[in-house]
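Reader: Could you take me through this structure? I should like to begin with a hairpin and then move on to other topics.

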Amino acid sequence: MALSREQLAQRVAQELQDGYYVNLGIGIPTLVANYVPEGMEVMLQSENGLLGMGQFPSEAEIDADLINAGKQTVTMATGASIFDSAESFAMIRGGHVDLTVLGAFEVDVNGNIASYMIPGKLIKGMGGAMDLVAGADNIIVTMTHASKHGVSKLLSNCTLPLTGKGCIKKVLTDLAFIEIKNGKFYLLERAPGVSVEEIIALTEGELVIEGEIPEMTF
Amino acid sequence: MAGFDKVVSSYEEAMAGLEDNMTVIAGGFGLCGIPENLISEIKRKGTKGLTLVSNNCGVDDFGLGILLPDRQIKKIIASYVGENAEFERQMMNGELEVELTPQGTLAEKMRAGGAGIPAFYTATGYGTPVAEGKEEREFDGRHYILEPAIKGDFAIVKAWKADRYGNLVFRKTARNFNPLAATAGKITVVEVEEIVEPGELDPDHIHTPGIYVNRLILGSFEKRIEQRTVRNDA
């Protein structure tokens, strides 16, 4: 079975460590905040200028001056800080954020990522994604392994305009957890009940299988 | 206005001197912390051919989006421009020039513009469409592109509180691009929710010193929320 959105978030959450500063992109990455392990302290960075993002507000707490990078109303966690956009991206570009999680349309064997534009169709802009992929060392891309029509999104070469070049090392899809190195994909884990053969069939870029591939555990 | 007193009494006075084809840098992120009344004044004036520098372009009927129907914006430099049907229509028809710029690069361009730094190298955008036509250079084995700074004929800014000298305090995430925009305008116009006398703000708590501010006006704000999100258990 392919992973649900919640399971994707749960698997990413297993990569968190106590004391991590984390930037979560819009969509599935945002859900990771719901699965921070008990007893672990993680601080969420929101690139519009908030370190220590809290949960969504109650009706009474709603404040138009307090939003996240997805423009949603939020609250501040205890110990939060506020800063301007240049300071926010100094943290990101200076490599101070411990883990970045974001979505993508395509990833390839050279660690290239395409996530912001489909020419002629979707032209909304990259927001902070280009800064995040260029500035962070520890990035997890979450995405579906293939399109609804079975077209692989793990490619030998990205076909869409790039968000970043050679910057992605880990990809979690609904089928597999994959590492990128030496110009190849390496299969690390598979979703429960998904066979190695199914993953091979839906991976267009070169995929290395070394030994027994364990199933993910939750 | 006398000495360091930056306060003006009308929006007309606040935006006096804005002419066709000028460059305007605006603070705000989405609809949060936008100088909503200064934008309305630009609409009322009918100034055309503007180059706007702003992270976003508002929505159809609020924020910078209200300058679209009368085609007042010639070009926009922004990082994210979704959520706006008229914007998309003008962009697709080639009526509106759009220079998509990574958010951190945009912030740094404003900062550099205000700080007298003509350009800077950044890894952001290397190997992407953003790098096209830009100088590339390697430092310690990493690739960087050269990004020019941005300066505006005007900067329009929303702050929370100010004293009459234009010392500014921002509130929560409404700070965003505002302090950077404030530094990068030849004429920086700030609208605020409260103006106090000099000396009433703690100098240690001032986010933007008054030296960057030319005009200051007291406004009242709608503060529209783009994505009203509440938690279920509350």
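**A working chat on chains A and B**

Author: In chain A, two residues link β12(A) to β13(A) as a hairpin. Please bear in mind that this is a predicted model.

Reader: In which sense do β12(A) and β13(A) pair, and over how many bridges?

Author: The pairing is antiparallel, with three bridges between β12(A) and β13(A). Within it, Leu172(A) has Phe177(A) of β13(A) opposite.

Reader: And how many bridges are there between β13(A) and β14(A)?

Author: Six bridges hold β13(A) and β14(A) together, again in the antiparallel sense. Glu179(A) faces Tyr186(A) of β14(A) across this pairing.

Reader: What about the turn between β13(A) and β14(A)?

Author: The two strands form a hairpin with two residues between them. Asn182(A), in the turn, has a positive phi of about 50°.

Reader: Now helix α1(A). Which of its residues are buried?

Author: Helix α1 of chain A spans residues 5–13, and its buried residues are Leu8(A), Ala9(A), Arg11(A), Val12(A) and Ala13(A).

Reader: What covers them?

Author: The cover includes the hairpin strands just discussed, β12 (170–173), β13 (176–181) and β14 (184–190) of chain A. It also includes α2 (28–31), β5 (99–103) and β10 (139–143) of chain A.

Reader: On to the nonpolar cores. How many residues has the largest one, and which have the most contacts inside it?

Author: The largest nonpolar core has 51 residues. Those with the most contacts inside it are Val107(A), Ile113(A), Val141(A), Ile168(A), Phe185(A) and Leu187(A).

Reader: What does Leu187(A) touch?

Author: Setting aside residues up to four places away in sequence, Leu187(A) touches Ala176(A), Phe177(A) and Ile178(A), as well as Val196(A), Ile199(A), Leu207(A), Val208(A), Ile209(A) and Ile213(A). Phe177(A) is also the residue opposite Leu172(A) in the hairpin pairing. Apart from the largest core lies another, of 38 residues, among them Leu18(B), Val24(B), Val130(B) and Phe154(B).

Reader: Where does Phe154(B) stand in the strand pairing?

Author: Phe154(B) stands opposite Ile187(B), a residue of β11(B). The strands concerned are β8 (residues 152–158) and β11 (residues 185–192) of chain B, which pair in the parallel sense over six bridges.

Reader: What is the strand order in the sheet of seven strands in chain B?

Author: The order is β4-β3-β2-β1-β8-β11-β13 (chain B), in an open sheet with parallel pairing. At its edges are β4 (97–100) and β13 (215–218) of chain B, each pairing on one side only. From one strand to the next the twist averages 20°.

Reader: Which strands does helix α2 of chain B touch?

Author: Helix α2 (residues 36–45) of chain B packs on that sheet, where it touches β2 (50–53), β8, β11 and β13 of chain B. The direction of the helix makes about 120° with that of β11(B).

Reader: What is the strand order in the sheet of three strands in chain B?

Author: That open sheet runs β5-β7-β6 (chain B), and its pairing is antiparallel. Because β5 (119–122) and β6 (136–139) of chain B each have a single partner strand, one side of each is left without a neighbour in the sheet. The twist averages 35° from one strand to the next. Helix α4 (residues 103–115) of chain B packs on this sheet and touches β5 and β7 of chain B, with its direction at about 150° to that of β5(B).

Reader: Which residue stands opposite Glu138(B)?

Author: His143(B) in β7(B) stands there. Four bridges join β6(B) to β7 (residues 142–148) of chain B.

Reader: A change of topic: how many disulfides are there over all chains?

Author: A search of the whole structure finds zero. Cys32(B), for one, has its nearest cysteine sulfur 17 Å away, in Cys57(B).

Reader: Why does Cys167(A) form no bond with Cys158(A)?

Author: The two sulfurs are 9.6 Å apart, which is too far for a bond, because a disulfide requires sulfur atoms within 2.5 Å.

Reader: Finally, is Asp65(A) buried or exposed?

Author: Asp65(A) counts as buried because its relative accessibility is 2%. Asp65(A) lies in the loop between β3 (50–53) and β4 (76–82) of chain A. Its side chain makes a polar contact of 2.8 Å with that of Arg171(B). Beyond neighbours within four places in sequence, the contacts of Asp65(A) include Cys32(B), Glu193(B) and Lys223(B).

How values were computed:
Residues numbered from 1 in each chain as written. Chains lettered and ligands numbered in written order. Predicted model: local features only at pLDDT ≥ 70, side-chain atom pairs only at ≥ 80, totals over all residues. Heavy atoms only, no water. Buried < 20%, exposed > 50% of the residue type's maximum accessible area, 1.4 Å probe, protein only. Contact = heavy atoms within 4.5 Å. Pairing = 2+ DSSP bridges. Axes fitted to C-alpha atoms, helices over the stretch in contact; angles between N-to-C directions. Polar contact = N/O pair within 3.5 Å; in protein donor to acceptor, adjacent residues only side chain to side chain. Core = buried A, V, L, I, M, F, W, Y, C linked by side-chain atoms within 4.5 Å.
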